[in-house]
Amino acid sequence: MAFRSDEDKKAYWRKNLNLMFVLLVIWAVVSYGFGILLRPVLDAIPVGGVGLGFWFAQQGSIYAFLIIVFVYAKKMRELDREFGVDDDE
Amino acid sequence: MDLQTLTYIVVGLTFSLYIGIAIWARAGTTGEYYAAGRGVHPVANGMATAADWMSAASFISMAGLIAFQGYDASIFLMGWTGGYVLLALCLAPYLRKFGKFTVPDFIGDRFYSSTARIVAVICLIVASLTYVIGQMKGIGVAFSRFLDVEYATGLYAGMAIVFFYAVLGGMKGVTYTQIAQYCVLIFAYTVPAVFISLNLTGNPLPQLGLLSDTADGTPLLLKLDQTLVDLGFAEYTAQKGGTFNMMMYTLSLMLGTAGLPHVIIRFFTVPKVSDARTSAGWALLFIAILYTTAPAVGSMARLNLTNTIQHGEVGSPEGNLVYAERPDWFKNWENTGLLQFEDKNGDGRIQYYNDKNPEFAAKAESEYGWKGNEMVKVDRDIMVLANPEIAKLPNWVIALVAAGGLAAALSTAAGLLLAISTAISHDLLKRTFMPDISEKNELMAARVAMAGAILVAGYLGLNPPGFAAQVVALAFGLAASSIFPVLMMGIFSTRINKAGAIAGMLVGLLSTLLYIFSYKGFLFIPGTELLANTPDNWFLGIAPEAFGALGALLNFVVAFAVSSVTAPVPDDIRQMVEDIRVPKGAGGAQDH
């Protein structure tokens, strides 16, 4: 491992966990929230003959998952570089 | 050219492509055989992962499930894609950094225990083998329906193809054939969907067609709701099941997806940790193309099927299709027994409605003279396969769908068989019983194990146990309740020790088995159920298929409790965990 100090190592891991936490909250909100629990509320907004909640359950949540994964990959690359632990040869 | 010849040509072309790739991608070392030499580009690995993941069930069955369950089938759409978020954020990069070949490898090393390794191997084999039976059945069905050969002959042909590229090329051969198979299956899935969406809504993109207006100006989904309600069915877009059960079911599928070993090992093939992260994104993108198309395919197929039979006003004597004038696809599927008609009121016309709805059934009988639903069997699995025929698409599209279904089944079968054979040759032989085995002999053992796994899978495909359809729930339940939690704890906690992991895995495994067996019979033997499998009997309203999430929770709780009262994790293991949390140096861990 190539951390400059023990504090760096802890800070890197904490930042990773924070990012994961935020993204997993979004992951849960778009699927379990918008797609299932909050569907009755969201369906007040009409989308193609049905409501926004239905759209999230069958389409929107999947698009959101995609964005989450690519955002995580990008942010982690930046974090790796910041701490000098990236895996570029 | 007739459909039969065309199908032979298209399927024959795709098969020669797979064989060509197999000859090109032979494996010479165990590193190539188990992990394709860790040289697969992240986009290519994403594509191979998508084909690995999307099985005969995704290709053939899922749109059928959506067609008949409507909104409630959203659990499959969210569950089978949301798991990739967990994989990308919580598992894939760390397991790639760990740098070994299999999932039991990690569990055995991290929890410094052969017992943990063997429990993991058992979970892996049960989950993968049950899963592979479905693929074998899919291959047999696709062959017998489209190429008009015996089910068994079709199965042998499929086995021979998989044997050829999996035994010869291992992960390397499987990876490159899966890339080709992805292209075939996604083309075969989206082309008919585009045509059908264009026909019904004028919008070529199925994802938008789902939300568009039909020719008469009514939105597609509203029209479908109305059509179904007119025939006594529940509204397509309405929620029918319990909310808590829906959430648990979705969570179980997500955890199961992230814990299935044949998917995880695909991320061992990319060169770097950062590649594992992006590769999960590419995999999800390639999967999402099919998964966002499926709701359009399902809803449009349901509308087309219903409108074909009920082409006029409900209740008017001329509103229903005359049986003698039924289209060719109807006859073809009747021959397979998957579609069955019975003229209950003897009027020579087909009535397709919900006779389980007492109010509507009474009205239909007194006012229309209907004596029950005459479509006595409409197998959900035919929806995708019959869809192009129902929509009157040209023959080459139908031939393509056959090749796509075969590609989906073959690619998943190969991935599963690879996971099984590496667990035997690497985890059991090399890591547990014969640590001194040479590389050459281990490679030979891997090939023999693969050949054996293909024979067992073929036998089970020929003599499918009566419970074949139910075991997929078991595979996901086991992956979610036993494999996923220990992987998470192994990476994110340095406190979970050997005793905690083994106890947690066993509790997750046994509680899930017990719950599923209580409602579906021990080892699925009819008559041994403890409780009838109805929502009233379910614990907190949780279906047996949705218990994996609760099993996972039990696994976590037990593992933490046991770990807190037993000896702490040794320092070298603690060091190893801290090491896998950092991307740098993944290249050095490649060979061992």
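Select A:Phe21 to start. Is this residue buried or exposed? A:Phe21 is exposed, because its relative accessible area is 59% and anything over 50% counts as exposed. Keep in mind that this is a predicted model.

Now show the secondary structure of chain A. A:Phe21 lies in helix α1, which covers residues 6-37.

Next, add A:Val22, A:Val25, A:Ile26 and A:Val29 to the selection. Together with A:Phe21, they make a nonpolar patch on the surface. The accessible area of these residues together is about 420 Å².

Then bring chain B into view and look at where the two chains meet. How many residues of each chain are in contact? For chain B it is 53 residues, and for chain A it is 46. About 4300 Å² of area is buried between the two chains. Carbon and sulfur atoms give 71% of that area.

Look for charged pairs here. Between chain B and chain A there are 2 salt bridges. One of them joins A:Lys9 to B:Glu578. Zoom in on this pair: the closest N and O atoms are 2.7 Å apart. Polar contacts also link the chains, with 12 residue pairs counted, both residues at pLDDT 80 or more.

Last, colour the helices of chain B. Five ranges are worth selecting on the side that touches chain A: α5 (74-98), α10 (220-230), α11 (243-259), α13 (273-309) and α22 (571-580). Each supplies at least two residues to that side. Which helix gives the most? Select α13(B): it gives 13 residues to the side of chain B that touches chain A.

Definitions and conventions:
Residues numbered from 1 in each chain as written. Chains lettered and ligands numbered in written order. Predicted model: local features only at pLDDT ≥ 70, side-chain atom pairs only at ≥ 80, totals over all residues. Heavy atoms only, no water. Patch = residues over 30% accessible without salt bridge, like charges linked within 9 Å, V, L, I, M, F, W, Y side chains within 5 Å. Areas by Shrake-Rupley, 256 points an atom, 1.4 Å probe, with all protein chains shown as cover. Salt bridge = Lys/Arg side-chain N within 4 Å of Asp/Glu carboxyl O. Helix = DSSP H or I, 4+ residues; strand = E, 2+ residues; numbered from the N terminus. Buried < 20%, exposed > 50% of the residue type's maximum accessible area, 1.4 Å probe, protein only. Contact = heavy atoms within 4.5 Å. Buried area = accessible area lost by both parts, 1.4 Å probe. Polar contact = N/O pair within 3.5 Å; in protein donor to acceptor, adjacent residues only side chain to side chain.
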